[in-house]
Amino acid sequence: MTATAGTVCTGASTAATGHAPSYPSFSSYVRARGPVLLRTARSLTANPCDAEDLLQTALAKTYVAWGRIEDHRALDGYVRRALMNTRTSQWRKRKVDEFACDELPEPLGLPEPDPAEQQVLRDAMWRAVMRLPDRQRAMVVLRYYEDLSEAQTAEVLGVSVGTVKSAVSRALGKLREDPELSPVR
């Protein structure tokens with residue numbers, strides 16, 4: 001992705017300004033943040049190839065504006081805004097074929113799950129989590145119920161990221177083996 005990003009961005013800058021200024025920090029930015037930005041682009045589209053194209057377009061726009069961006073600490077926000085604006089423009093331009101019909105088609109797929117069964121599953125999962133040792137339970141709750149990253153969990157608990165990774169891995173292994181959760185599998 002990095003080599004392509006540089007090529008696309010250089011071409012965009014040349015077209016916009018008539019010459020290709022050199023921004024070595026742009027290349028290092030793309031190398032360092034490219035995977036994170038690609039994840040963001042993938043969350044905006046259903047197709048991975050479209051996500052790559054979306055990111056390329058946003059990076060091209062960023063490259064053109066690179067000299068005007070005063071606060072390089074806010075680059076992720078700038079690129080994310082470019083991703084959103086580009087995706088919105090693509091969405092508005094797409095052609096939508098709509099056909100009126102007399103009857104609505106029946107929804108395809110499975111019937112809605114029973115709320116009572118979902119509650120039973122949630123209760124069983126919570127009981128299994130409560131049976132974990134205190135430290136593992138705290139890490140699982142912070143990681144998956146509070147949606148903290150491994151680094152954030154480690155910081156809250158005052159341990160290393162490696163400790164969080166290994167303890168969460170062991171906790172998930174115990175949850176997989178929990179007999180009360182076996183019907184779910």
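User: Let's start with phenylalanine 26. Is it buried or exposed?

Analyst: Buried counts as under 20% relative accessible area. In this predicted model, phenylalanine 26 has a relative accessible area of 2%, so it is buried.

User: And tryptophan 66, buried or exposed?

Analyst: Tryptophan 66 counts as buried too, because its relative accessibility is 4%.

User: How do I read a pair of aromatic rings?

Analyst: You describe such a pair by two things: the distance of the centres and the angle of the planes. Searching the whole structure turns up four aromatic pairs. Take phenylalanine 26 and tryptophan 66: their ring centres are 5.1 Å apart and their planes sit at 85 degrees, so this pair is edge-to-face.

User: Where in the chain do those two residues sit?

Analyst: Phenylalanine 26 is in helix H2 (residues 24-44), while tryptophan 66 is in the loop between helix H3 (48-65) and helix H4 (75-93). They are 40 residues apart, so the pair links distant parts of the chain. Ring pairs also join Phe26, Tyr29, Tyr63 and Trp66 into a cluster.

User: What about tryptophan 126 and tyrosine 145, how do their rings meet?

Analyst: Edge-to-face as well: 4.9 Å from centre to centre, with 80 degrees between the planes. Tryptophan 126 belongs to helix H5 and tyrosine 145 to helix H6, 19 residues apart, and this pair links distant parts of the chain. Tryptophan 126 counts as partly exposed, because its relative accessibility is 37%. Tyrosine 145 has a relative accessible area of 42%, so it is partly exposed.

User: Which residues form the nonpolar patch on the surface?

Analyst: Met125, Trp126, Met130, Tyr144 and Tyr145, with about 490 Å² of accessible area together. H5 and H6 each supply at least two residues of the patch, and H5 gives the most, with three. One residue in H5 is methionine 125, which counts as partly exposed because its relative accessibility is 31%.

User: Okay, now helices. Which residues along a helix point the same way?

Analyst: An α-helix has 3.6 residues a turn, so residues three or four places apart point the same way. Now look at H8 (residues 161-177): it has 17 residues and reaches 25 Å from its first C-alpha to its last, close to the 24 Å expected. Its buried residues include Val164, Ala167, Val168, Ala171 and Leu175, and Gly173 is buried as well.

User: What do the buried residues of H8 pack against?

Analyst: Three helices: H5 (115-130), H6 (134-145) and H7 (150-157).

Terms used. Residues numbered from 1 in each chain as written. Predicted model: local features only at pLDDT ≥ 70, side-chain atom pairs only at ≥ 80, totals over all residues. Heavy atoms only, no water. Helix = DSSP H or I, 4+ residues; strand = E, 2+ residues; numbered from the N terminus. Expected span 1.5 Å × (residues − 1). Buried < 20%, exposed > 50% of the residue type's maximum accessible area, 1.4 Å probe, protein only. Contact = heavy atoms within 4.5 Å. Patch = residues over 30% accessible without salt bridge, like charges linked within 9 Å, V, L, I, M, F, W, Y side chains within 5 Å. Areas by Shrake-Rupley, 256 points an atom, 1.4 Å probe, with all protein chains shown as cover. Salt bridge = Lys/Arg side-chain N within 4 Å of Asp/Glu carboxyl O. Phe/Tyr/Trp six-rings, centres within 6.5 Å; stacked < 30°, edge-to-face > 60°.
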